[in-house]
Amino acid sequence: MSIIEIKNLTFAYETQNVLKDISLMIKKGTITCLLGNNGSGKTTLLDNILGIYPSQKGLIKVHGDEINKISISKRAKYISYIPQNHEEHFPYTVLEIVLMGRNPYLKAYERSKKEDLTRVDEALSLMGIMALKDRLYTQLSGGEMKMVLFARAYVQDTDIILMDEPTASLDLKNEQILLERVAYLVKEKHKTIIMSSHEINHPLYFDRHKIETQVAMLKKGRILYQGSVKEVVLEQNIEAIYDVKTKILPYTLDDGDEGRTVITM
Amino acid sequence: MKAKLSIFILVVVMILSSCSNIVNTSDLNDENSKVIVDSMDREVRVPLEPQRVACLFTNTGHIMTMLGSGDKIVAVSNGLKRDKLLHEIAPSIKEAALVKVSGAVNFEELLKQNVDLVIMPSDMYADDALVKQFNKYKIPFIVTQFDSIETQQDLVMMLGEVFNAQEEAALYNAMYDEIRALVNDCIKDIPAEQRLRVYHALNEATNTVPLGSLPEEFMKISGGLEVSLKDQLIQDNDKYYASLEQIIAWNPEVIFCNEDGVDQYILEKDQWQMIDAVKNHRVYIMPTGISRWGHTTSIETPLAMMWVAKTLYPEACETLDLKAYTQAFYRDLFEYELTDEAYDSIIDGRGMRLNKDLSDQGE
Amino acid sequence: MTGGKTKKWSIMILIYISPVLLLLLSLALGRYPLNLIDVFQSTFFHKTSASSVETSVVWLIRFPRAIIGFLIGGSLALSGATLQGVFRNPLVDSGMLGVNSGAGFGAVLAIILFNQGSITTLIFSFAFGLLAVGMAFAIGGFYKQSSTIMLILGGVIVSSLFSALISFGKYIADPFDELPEIVFWLMGSLANVSYDELKFIWLPVLIGVPVILYYRRQINILSMGDKEATSLGVHTKRLKGILIISCSLITAASVCIAGTIGWVGLIIPHIIRMLIGNDHSKLMPLSFFLGGSFLVCIDILARSLTAAEIPIGILTSLIGAPFYILLLKKTKGGKW
């Protein structure tokens with residue numbers, strides 16, 4: 001049973017086709033990595049799944065219902081979203097930002113309840129940013145900011161989390177922490193994650209951690225290759241998508257885990 | 001080519017000739033002109049008999065009409081376009097070109113009228129750029145200003161000289177003095193403690209009379225104690241305002257309003273209800289004839305004096321026959337026979353002026 | 001941290017009780033000499049310690065003036081805070097977006113057409129205020145990139161257009177100041193307000209303010225931008241519509257009574273942002289109260305600084321403009 005079904009989705013933005021005939025089935029408790037260059041349509045696909053754009057050809061179903069027929073507040077209980085660039089105009093505290101994730105469960109006039117604060121604390125400890133609680137978001141580092149947005153998505157309690165280039169602009173350590181958290185959410189919390197990325201090693205990382213990972217490779221608004229990591233992450237596919245020659249090398253870690261990695265030539 | 005050239009020359013000639021036309025009109029010398037000393041003590045050379053006059057200060061238009069030269073007004077400011085009675089007396093003012101609205105002069109429109117004399121208020125004279133333009137086109141102009149009975153009478157005499165109507169001017173001043181003396185006679189024996197405290201709303205309800213103005217002087221003669229002189233007022237350009245609390249503290253016994261509608265405002269508004277004048281329904285709208293009688297520059301100031309005195313002290317002024325004097329005033333000075341009906345509507349003070357868009361609201 | 005929190009709490013309490021103190025001060029001060037305690041005694045305990053004139057000066061002149069001043073100041077500050085959140089832009093308020101001049105023009109138009117202050121004035125004022133913000137937003141949207149500055153530019157254009165139309169209307173209508181209303185309130189003045197004017201403002205305030213406060217927590221989310229706000233379960237278009245209409249309504253009511261008083265909607269929310277933080281659930285009610293107190297305070301200054309009464313619009317500009325420069329510097333043209 002797919003939690004998300006996309007059938008023959010075509011999407012045009014200001015007369016220019018950005019997505020062409022996209023079909024994708026996503027199972028609960030899996031990670032889907034959207035790979036492709038900038039401008040290949042990854043972000044637009046995420047926006048469509050979010051239901052930001054009302055008119056489109058084709059069909060997107062979430063939990064069996066068509067996305068545009070689900071009310072905005074219900075949608076927010078199904079899908080949460082971690083943006084790539086979050087531009088902050090007002091210096092909110094970390095607490096204030098993470099609390100916004102509880103909005104779908106509150107009436108418009110309601111202020112946050114004790115339960116919401118508990119959930120926020122839980123999320124902050126999970127992301128390892130409890131110490132930042134009262135700090136201003138605008139004064140955080142890029143990695144910390146991403147963790148805050150991650151925590152906000154977590155308190156939103158959705159089955160599905162969309163991430164737009166979550167590791168972009170993160171340093172190596174933060175990237176590692178983020179991937180671990182993603183793996184944790186899927187394995188332990190059975191979340192369904194769709195993330196766009198241009199780092200080919202991400203699906204390989206999840207694959208090594210025995211997480212069911214689907215890869216969709218996009219180019220110019222089309223999905224060229226789609227399937228499991230083993231089926232899709234191949235040297236000739238990468239070359240077709242990125243126009244870069246690579247080699248995929250197997251490795252064995254000290255503890256016996258086996259994996260593969262992609263290196264450029 | 002030749003045709004084009006000739007058209008060009010024709011146009012140039014036309015332009016030049018129209019220019020020279022204006023210059024010629026103001027080419028004054030000892031034979032065709034006389035020298036007048038205006039309100040700013042300027043010596044101005046004006047035509048012996050001005051024929052086309054731009055009257056940019058409303059009250060001087062009234063004076064000109066009184067001096068029998070109303071038909072010489074060819075350009076006006078919008079104030080002169082609004083008084084119904086004036087239009088009956090001097091219908092040509094209706095046709096005069098409107099060259100000044102809200103203080104701004106349309107100079108080209110003025111030039112087009114080919115005037116040989118301009119009469120302007122002192123605030124226009126203060127505008128250097130404007131004065132330069134008048135000088136450049138050699139248009140003679142007289143600056144007028146007054147803030148008391150004496151200076152008002154001086155102005156009438158001066159304009160009498162300009163328009164060769166010294167007799168009419170003297171008649172006005174004589175009538176002025178006569179009424180003043182009559183009113184003074186009736187009022188002088190009223191003891192200070194019986195005199196009434198008066199508040200005079202010049203325009204809006206809180207716009208009132210400052211020290212050293214014509215209304216202040218005539219109110220004194222009429223025996224009213226102008227309450228606004230007690231205190232410092234709020235000044236906005238040439239206007240003075242009292243605050244509501246001041247007015248309540250002064251607690252006038254009588255309120256006069258110049259403007260139709262302000263009396264109702266005062267009578268209806270909650271905050272004014274505690275004032276004696278309102279409590280006792282002694283809020284009056286002043287008469288409007290050629291001008292609003294209570295206005296700071298009214299030509300009917302002598303009549304206003306008498307009307308106020310009679311309104312304040314009907315018993316002491318019983319002998320004053322306002323109707324007779326009013327009828328004589330318009331008959332002798334304006335050659336206008338006032339019917340009983342017209343008299344009543346003047347005294348009533350309502351509906352005598354056109355709206356600012358010059359539409360007739362009354363009918 | 002706790003020290004900071006105690007400080008914030010005391011500031012909040014101070015802001016919430018300031019209206020009461022200023023109201024008392026405002027009742028006590030004025031040109032008519034009286035003793036406020038006497039007036040209170042005679043009003044509440046039926047002692048005849050004050051004359052009926054003193055009583056009515058306090059209750060018919062000073063009280064409505066203070067109340068109306070408070071409601072206007074509160075409305076302007078609240079709508080400023082709201083519009084900042086809606087447009088994700090700390091540098092706007094109803095004045096910056098042209099709502100004030102739009103509403104002003106609507107009112108002038110109504111006064112010229114119908115000659116009297118009435119409910120029509122309010123409706124016209126409201127409609128043109130709404131039109132103005134729509135225009136400013138449309139102009140600001142021409143160029144997508146730096147919409148913060150473009151929005152302000154749009155507001156400037158719309159503002160100056162409607163200011164010009166106001167002057168034009170005044171020019172045609174009013175060569176002799178025959179319509180004193182227009183002049184009075186262009187300067188922004190509370191000098192002649194009474195309970196009649198209260199009629200104008202209580203209903204719009206009673207509708208607009210609770211509506212805005214109802215959604216105050218969601219304004220935080222709205223300021224995240226459309227995409228994120230939608231993903232967080234906020235119906236952005238609908239909410240923005242509701243908030244902009246409410247802001248225009250309370251602004252129009254304020255403009256109808258006291259003319260275009262600028263800057264309050266900009267200064268006040270920022271003072272709160274600096275003192276308390278940006279959480280709109282706290283910011284909104286605090287802005288309303290501080291805005292109200294601020295205007296009552298300005299009004300007290302306006303009538304006691306000099307013998308002549310200074311129009312409050314001038315005073316708020318005198319304070320507001322330098323404040324805005326500081327703000328521009330601090331926010332570097334868009335972000336806090």
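This report walks through a predicted model, from its chains to its sheets, domains and core.

## How the chains meet

Two pairs of chains touch, and chains A and C share the most contacts. Chain A and chain B do not touch. Their nearest C-alpha atoms lie 40 Å apart.

At the boundary between A and C, 24 residues of chain A are in contact with 26 residues of chain C. Three elements of chain A each supply at least two residues to the side that touches chain C: α1 (42-50), α2 (72-78) and β6. That side of chain A has 14 nonpolar, six polar and four charged residues.

## The sheet of chain A

Six strands of chain A form an open sheet. Their order is β6-β7-β8-β3-β9-β10, and the pairing is mixed. Which strands stand at the edges? They are β6 (79-82) and β10 (222-228) of chain A. Each has a single partner strand, so one side of each is left without a neighbour in the sheet. Neighbouring strands of this sheet are turned by 15° against each other on average, direction ignored.

Strand β9 (residues 213-219) of chain A pairs with β10(A) in the antiparallel sense, over six bridges. In this pairing, A:V215 stands opposite A:G227 of β10(A).

## Helices on that sheet

Helix α5 (residues 142-155) of chain A packs on the sheet. There, α5 touches β6 and β7 (160-164) of chain A. The direction of α5 makes about 175° with that of β6(A).

Helix α7 (residues 201-208) of chain A lies across three strands of chain A: β3 (31-35), β8 (192-197) and β9. Helix α7 runs at about 170° to β9(A).

## Chain B in outline

Chain B has 16 helices and 14 strands. Of its 363 residues, 46% are buried. Consider the contacts in chain B between residues at least 6 apart in sequence: 60% of them join residues at least 24 apart.

Chain B also has an open sheet of six strands, in the order β6-β5-β4-β3-β7-β8, with mixed pairing. The edge strands of this sheet are β6 (104-105) and β8 (141-144) of chain B, and each pairs on one side only. Within chain B, strand β4 (residues 73-77) and strand β5 (residues 97-101) pair in the parallel sense over three bridges. B:A75 stands opposite B:A97 in β5(B).

## Two domains in chain B

The domain assignment splits out domain 1 (19-145) and domain 2 (169-354) of chain B. Their centres, taken over C-alpha atoms, are separated by 30 Å. Twelve residues of domain 1 of chain B are in contact with 13 residues of domain 2 of chain B.

On the domain 1 side of this contact, α2 (58-66) and α3 (84-89) of chain B each supply at least two residues. Which element gives the most to that side? It is α2(B), with five residues. By class, the residues on the domain 1 side divide into six nonpolar, three polar and three charged.

## The nonpolar core

The largest nonpolar core has 267 residues. A:A151, A:L162 and B:A309 have the most contacts inside it. Helix α3 (residues 52-86) of chain C provides the largest share, 16 residues. The core also draws at least three residues from each of domain 1 (19-145) and domain 2 (169-354) of chain B. In soluble globular proteins, nonpolar side chains tend to be buried together.

Look at A:A151 in more detail. Not counting residues up to four places away in sequence, A:A151 touches A:V98, A:A123, A:L124, A:M127 and A:I129.

## A loop serine in chain B

B:S228 lies in the loop between β10 (225-226) and β11 (234-236) of chain B. Is B:S228 buried or exposed? B:S228 is buried, because 27 other C-beta atoms lie within 10 Å, and 20 or more are enough to count as buried.

What surrounds B:S228? Leaving aside neighbours within four places in sequence, B:S228 is in contact with B:Y199, B:T208, B:V209, B:L233 and B:A242. B:Y199 is 29 residues from B:S228 in sequence, yet the two are 6.7 Å apart in space, C-alpha to C-alpha.

How values were computed:
Residues are numbered from 1 along each chain as its sequence is written. Chains are lettered from A and ligands numbered from 1 in the order in which they are written. This is a predicted model: local features need pLDDT of at least 70, side-chain atom pairs count only at pLDDT 80 or more; totals for chains, interfaces and linings use all residues. Helices (H or I, at least four residues) and strands (E, at least two) are DSSP runs, numbered from the N terminus. A residue is buried if 20 or more other C-beta atoms lie within 10 Å of its own, exposed if 12 or fewer, and partly exposed in between; C-beta atoms are placed from the backbone. Two residues are in contact if their C-beta atoms, placed from the backbone, lie within 7 Å. Two strands pair if DSSP finds at least two bridges between them. Axes are lines fitted to C-alpha atoms, for helices over the stretch in contact, and angles run from 0 to 180 degrees between N-to-C directions. Domain bounds come from an automatic or database domain assignment. Ala, Val, Leu, Ile, Met, Phe, Trp, Tyr, Cys and Pro count as nonpolar, Asp, Glu, Lys and Arg as charged, and the others, Gly among them, as polar. A nonpolar core is a set of buried Ala, Val, Leu, Ile, Met, Phe, Trp, Tyr and Cys residues joined through C-beta atoms within 7 Å.
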